[in-house]
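Colleague: Could you take me through this structure, please? I should like to begin with a term.

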Amino acid sequence: MNVGGLLASVGVNSVVCLGVFSLYSVLRKQPHFVTVYFGHKLARAKSKRHDPFWLARLVPSASWVVKAWGTTDDELYIAGGVDAVVFLRAVVFSIKLFTVTSVICLVFVLPLNYFGNEREHKEISEELLTVFTIGNVERGSEWLGLHCFVLHIITICACFFLYSEFKYIMKMRLNHINSPLYNPSQFTVVVRAIPWIDQESYSDTLSRFFTDFYSTSYLSHQMVYEKSAIQKLMSDAERMYKILRNIHMERRYVKRLLRCGFCGGSNNASQDMKELSDESRSITKEETFLDDSDECGAALVFFRTRYAALVASEALQTQNPMAWVTDAAPEPRDMFWANLCVSYQSLWIRKIIVVVASIFFVTFFLVPVVFTQSLVHLDKLTRLLPFLEKVVRRVVLEQLVTGYLPSVILTLFLYMVPPVMYVFSTLEGVISRSERKRSACIKVVYFVIWNVFFANILTEAAIAHYQISILKLGDYKNIPALLAKAVPSTATFFMTYCLTSGWASLACELIQVVPLLTNLVSRYILKNSSDASTPAPFSFPYHTEVPRVLLFGLLGITCSTLAPLILPFVLVYFVLAYLVYRNQIMNVYVMQYDSGGQYWPIVHNTAIFSLVLMQVVALGVFGIKDAPGPSTFTFPLIVLTLLFNQFCRQRFLPVFFRTPAKSVIEMDRRDEQSGQMEEIHQSLLTAYSQYKSKSGRIGGKKVEMMSRSNSALDTAEKGDIFHA
C-alpha cells in the first residue's frame with residue numbers, strides 16, 4: 001500500500017470520528033436520551049425532558065471534553081472503583097510512552113529509514129509505505145546503531161513509567177483494602193467440596209467441622225441452595241402474589257352488582273377466594289419450602305475477625321486437597337451464585353474443555369485473518385490469481401480494497417470474540433463476577449495478540465514467499481528472521497487497523513450504538529414513552545476494552561523503531577481513549593463490583609511482552625542487516641528487561657493476589673476498640689443473600705415476595721456480553 005491509500009483511510013476515519021463526536025455532543029443534550037448517556041440514576045436526578053425547547057441543544061459543543069479532561073482520580077474511584085482508575089492509568093502510561101517514542105522516532109528514525117537506501121524517490125503520495133520502514137535501510141549501514149540507541153531509550157522510559165504506575169496502583173489497592181467502610185467479604189470464606197455423610201445434612205457436617213477446628217473464631221455459616229429449588233420457591237411466591245393482587249384490584253374497581261347471600265361479597269370475590277384456596281393447597285402439596293435435600297456442597301462461613309477468615313481461606317483444611325476447599329469470599333454484589341453449586345471435582349475437566357474449545361475457536365478465526373491479509377497483498381496475489389489484475393489496475397478501487405476494507409472486515413469478525421470468551425470463562429466455574437470478567441479479559445488478550453499480530457505476520461510471510469515450503473516456514477530456527485522480514489511490511493496493515501478498529505471503535509463507544517437504537521425503537525416504533533423499557537445501565541466491559549488498549553500498545557511498541565509512521569496514529573488513539581473512557585465511566589457505566597485493581601498485572605505483563613518482542617524482532621533485523629554491533633548491545637537489553645519484570649513481580653505482584661495480615665489485624669483492633677465488632681457480627685448474618693424479598697402492598701397489608709438478589713447484576717452482565 002502506498003501513502004495515498006493510507007491518507008484515504010485517514011481521511012475516511014477522521015471524517016467519521018468527527019461526525020460521530022459532533023453527533024454525540026448534540027444527542028447527549030436531548031432529554032429523551034438522558035438514560036442512554038447518563039444512566040438511570042443520573043437521568044432521574046437531572047432529567048430536562050419537561051424543559052422547553054432551546055436552540056443550544058442542536059449545536060455541537062466540546063463541553064464533555066472539558067469535563068472529562070478535568071476529572072480527577074478520586075472522582076473516578078468514586079464512580080468506577082479501583083478497576084476504573086487502573087484502566088485509565090494504563091491509558092495514561094501509553095500516552096506518556098508514545099509521546100516520548102513519537103518525538104524520538106519521527107525526528108531521528110523515520111528520516112533514516114526513508115533515506116537509508118540510495119534510490120530515486122517518487123512523490124510522497126505515490127511512495128510505498130515500506131520505504132518508511134527499517135527494511136529500506138542498507139545492509140551493514142552504520143545508522144543501524146542509532147536504531148539500537150533508540151531501542152534502549154524506549155525500553156528505559158517504558159520501565160520507568162511501568163515502575164511508577166505499579167507503585168501508584170499498589171498504594172491505591174492497599175488503601176482500598178484498608179478502607180474504613182465495612183466489607184463483609186473480609187469476614188467470609190467460601191467453602192466448597194463439603195463431604196457428604198449419610199443421615200447428616202451438609203449444614204450439620206460443616207457446623208461440626210468448623211466448631212471443632214475453629215471453635216474460637218467460627219461465627220456462623222450460610223448454605224448455598226440449588227438454583228432450581230430457589231426458582232421454584234420464587235415462582236410459587238409470584239403466583240400467590242398475583243392472585244392476591246387480582247383479588248384486591250377487583251374488589252376495589254369492579255362494581256358490586258351481585259352479592260353473596262352469606263357474606264355480602266361479590267360472586268367474583270367468592271370465585272377468587274376459591275382459586276386462592278386451590279392454589280395454596282397445590283403449593284403446600286409441592287412442598288416448596290427449602291429443606292436439607294436442596295443444599296449444595298458449598299457454603300459461606302463467617303468468622304469473628306478478618307484475620308481468622310484470612311487464615312482459613314489460605315490454609316489447606318485436610319490431607320485431601322479435593323475436600324473442604326476454602327477461598328476468600330467475593331463481595332456480596334460480586335458473588336456468582338450459579339457456579340457455587342458446580343462440583344469442585346469437575347472444575348479441572350471444565351478447564352480442559354475450555355482450552356480445547358479455545359484452540360478450535362482460534363483455528364476457526366484464521367480464515368478471516370488469511371482473507372484480510374490476501375486483500376492487503378492484492379498485487380502479490382495476481383501472480384497466483386491472474387483475474388485480479390483488473391481490480392489492481394483501478395487505482396481508487398485498489399486503494400479502497402487494500403487500505404480500508406481488510407481492517408474493517410477483521411474488526412467486524414473480532415466483535416464475536418469477547419462474548420465467546422465470556423461464555424468460556426463462565427464454564428470454568430469461577431465464583432465471582434469480577435473474576436469471570438478478568439478471566440475473559442486474559443483470554444481475549446491472548447486471542448488478539450495471536451490472531452491480530454502473529455497470525456497476520458505469518459500470513460503475510462506465506463503470501464509474500466509462497467514458494468517457500470510450509471515446513472521451512474514453520475521451522476523454529478527461522479522465527480527471528482521471519483519476524484524481522486514480516487513485521488516491517490505488515491506494519492502498513494497495522495496502521496489502517498489502528499484507524500479502523502481504534503478510532504472508529506472509540507466513536508462507537510462514545511455514541512453507545514446498541515442502547516441508542518434500543519431507545520429509538522422503543523420510543524418511536526413501539527410508542528413507549530416511559531423509561532421503564534430502557535435497558536439497565538451496563539457495568540464497564542473490561543473484557544472488551546482492556547484487550548483493545550493493550551493490543552494497540554503492543555502494535556505501537558513493536559513497530560516503533562521498525563515502522564515509526566504508525567506512532568502518530570497510536571498516540572491519537574490513546575489521547576481520544578483518555579477522553580472517551582473518562583466520560584463513559586463518569587456518566588454511562590455503573591459500578592456493580594470491583595476486583596481491587598487486579599487488571600494491572602495483565603497490563604504490566606503485556607507491556608513487558610511487547611518490549612521483549614520489540615527487542616527480539618530488532619535483534620533479528622540487525623542480524624539480517626549484518627550489524628554485529630547493534631546485535632551485541634541488544635541481547636543484554638532483553639536480559640535486563642526480564643530482570644526488571646522479575647523484580648516488579650517480587651516487589652508489587654503479591655499485594656494484588658494476597659491480603660496483608662498486618663492490614664486486617666489493624667482493622668480488627670480498630671473495630672474492637674471502637675465497639676463496632678458486635679454490630680458487624682450481626683450484619684454479617686444478612687450480608688449475603690442468594691435471594692431477597694421485595695415488598696408489595698395489597699389492600700393495605702404487606703406481602704413478601706421473593707426474587708433473586710442478583711437480577712440487576714444479571715441484566716448488567718448480559719449487557720456486558722453483547723456490548724462488545
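Modeller: A residue is called buried under 20% relative accessible area, exposed over 50%, and partly exposed in between. Please note that this is a predicted model.

Colleague: Where does Lys96 fall, then, buried or exposed or in between?

Modeller: Lys96 has a relative accessible area of 32%, so this residue is partly exposed.

Colleague: And which side chain meets that of Lys96 in a salt bridge?

Modeller: The side chain of Glu165 does, at 3.4 Å from N to O. This pair connects distant parts of the chain, 69 residues apart: Glu165 lies in helix α6 and Lys96 in helix α5. Glu165 counts as buried because its relative accessibility is 2%.

Colleague: Which residues are joined with these two into one network?

Modeller: Asp73 and Arg89 belong to the network with Lys96 and Glu165, through salt bridges that share partners. Asp73 and Arg89 themselves form a salt bridge at 3.6 Å, N to O.

Colleague: Turning to the sheet, what is the order of its strands?

Modeller: The open sheet has four strands, ordered β2-β3-β1-β4, with antiparallel pairing. β2 and β4 each have a single partner strand, so one side of each lacks a neighbour in the sheet.

Colleague: How many bridges pair β1 with β4?

Modeller: Four bridges pair them, in the antiparallel sense. Val190 stands opposite Asp327 of β4.

Colleague: Which salt bridge does Asp327 make?

Modeller: Its side chain meets that of Arg192 at 3.1 Å, N to O. Asp327 is in strand β4 and Arg192 in strand β1, 135 residues apart. Arg192 is buried, at 9% relative accessible area, whereas Asp327 is partly exposed at 27%.

Notes
Residues numbered from 1 in each chain as written. Predicted model: local features only at pLDDT ≥ 70, side-chain atom pairs only at ≥ 80, totals over all residues. Heavy atoms only, no water. Pairing = 2+ DSSP bridges. Helix = DSSP H or I, 4+ residues; strand = E, 2+ residues; numbered from the N terminus. Salt bridge = Lys/Arg side-chain N within 4 Å of Asp/Glu carboxyl O. Buried < 20%, exposed > 50% of the residue type's maximum accessible area, 1.4 Å probe, protein only.
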